[in-house]
Amino acid sequence: MGKFTVKQVADMLETNPETVRRWIRQGDLKAEKGSNKTGNVITTDSLVDFGNAKPKYRPNILPFITPQDILRNVRNNSYHAKANDEPLDKRSAGNTNKLI
């Protein structure tokens with residue numbers, strides 16, 4: 001599982017860091033509070049959940065997600081690989097060719 005800073009996520013999603021902080025405050029993007037110096041830390045799982053909630057940003061997130069992240073989220077039934085946001089059938093969890 002990868003971890004990203006607010007700045008890294010802002011660059012990834014081609015948006016302003018303050019927008020990412022607003023998403024965190026509003027609960028749209030889950031983050032762990034690091035130290036005052038390092039700020040918030042966003043996990044790959046949080047990015048996948050965010051991509052499911054806001055499909056507009058999914059193409060920007062996918063390059064940063066490993067196959068292991070996808071499989072972990074499929075097992076938790078939280079990843080939607082299809083453009084129309086249909087949940088993946090649990091039987092397809094072992095077939096990674098359908099996810100990308």
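**Close-up views of the predicted model**

**View 1. The largest nonpolar core and its best-connected members.** Among the 17 residues of the largest nonpolar core, Val9, Leu13, Val20, Leu29, Leu47 and Ile61 touch the most other members. Keep in mind that this is a predicted model. Which helices feed this core with at least two residues each? Those are α1 (6-12), α2 (17-26) and α3. The biggest share comes from α1, which puts in four residues.

**View 2. Zooming in on Val20.** Val20 is one of the core residues that touch the most other members. Set aside its neighbours within four places in sequence, and what is Val20 in contact with? The list runs to Val6, Val9, Ala10, Thr15 and Leu29. Two names here, Val9 and Leu29, also turn up among the core residues with the most contacts to other members.

**View 3. The three-stranded sheet.** Here we have an open sheet with its three strands in the order β1-β3-β2, and the pairing is antiparallel. Why do β1 and β2 each have one side without a neighbour in the sheet? Both β1 (3-5) and β2 (32-33) stand at the edges with a single partner strand apiece, so one side of each is left open in that sense. Helix α3 packs on this sheet, where it touches β1 and β3, and its direction makes about 70° with that of β3.

**View 4. Strand β3 and its two partners.** On one side, β1 and β3 pair in the antiparallel sense over three bridges. Thr5 is the residue to look for here, standing opposite Val41 in β3. On the other side, β2 pairs with β3 (residues 40-43), again antiparallel, over two bridges. Which residue stands opposite Val41 in this second pairing? That would be Glu32. As a general point, side chains in a regular strand alternate between the two faces of the sheet.

**View 5. The hairpin of β2 and β3.** Six residues lie between the two strands of this hairpin. Gly39 is the one to pick out, with a positive phi near 80°.

**View 6. Helix α3, mostly under cover.** How many of the ten residues in helix α3 (residues 44-53) are buried? Eight of them are, leaving the helix mostly covered. The buried set starts with Thr44, Asp45, Ser46, Leu47 and Val48, then takes in Phe50, Gly51 and Asn52. Leu47 has already appeared as one of the core residues that touch the most other members.

**View 7. A salt bridge between two edge strands.** The salt bridges in this model come to five. One of them joins Lys3 to Glu32, with the closest N and O atoms 3.8 Å apart. Lys3 sits in strand β1 and Glu32 in strand β2, so the pair ties together parts that are 29 residues apart in sequence. Are these two buried or exposed? Lys3 counts as exposed, at 53% relative accessibility, while Glu32 is partly exposed, at 40%. Glu32 is also the residue that stands opposite Val41 in β3.

**View 8. A salt bridge within helix α1.** In general, side chains of opposite charge can pair when their charged atoms come close. Lys7 and Asp11 make such a pair, their side chains meeting in a salt bridge at 3.1 Å, N to O. Where do the two sit? Both lie in helix α1, four residues apart, which is about one turn of the helix. Asp11 is partly exposed, with a relative accessible area of 47%.

**View 9. Glu18 and its arginines.** Glu18 is found in helix α2. Its side chain meets that of Arg25 in a salt bridge of 3.2 Å, N to O, and a polar contact of 3.2 Å joins these side chains too. Which residues make up the wider network of salt bridges? Glu18, Arg21 and Arg25 are linked in it. As for solvent, Arg25 is exposed at 59% relative accessible area, whereas Glu18 is partly exposed at 37%. To place this view relative to the previous one, Glu18 and Lys7 are eleven residues apart in sequence and 9.1 Å apart in space, C-alpha to C-alpha.

Methods. Residues numbered from 1 in each chain as written. Heavy atoms only, no water. Buried < 20%, exposed > 50% of the residue type's maximum accessible area, 1.4 Å probe, protein only. Pairing = 2+ DSSP bridges. Contact = heavy atoms within 4.5 Å. Axes fitted to C-alpha atoms, helices over the stretch in contact; angles between N-to-C directions. Core = buried A, V, L, I, M, F, W, Y, C linked by side-chain atoms within 4.5 Å. Salt bridge = Lys/Arg side-chain N within 4 Å of Asp/Glu carboxyl O. Polar contact = N/O pair within 3.5 Å; in protein donor to acceptor, adjacent residues only side chain to side chain.
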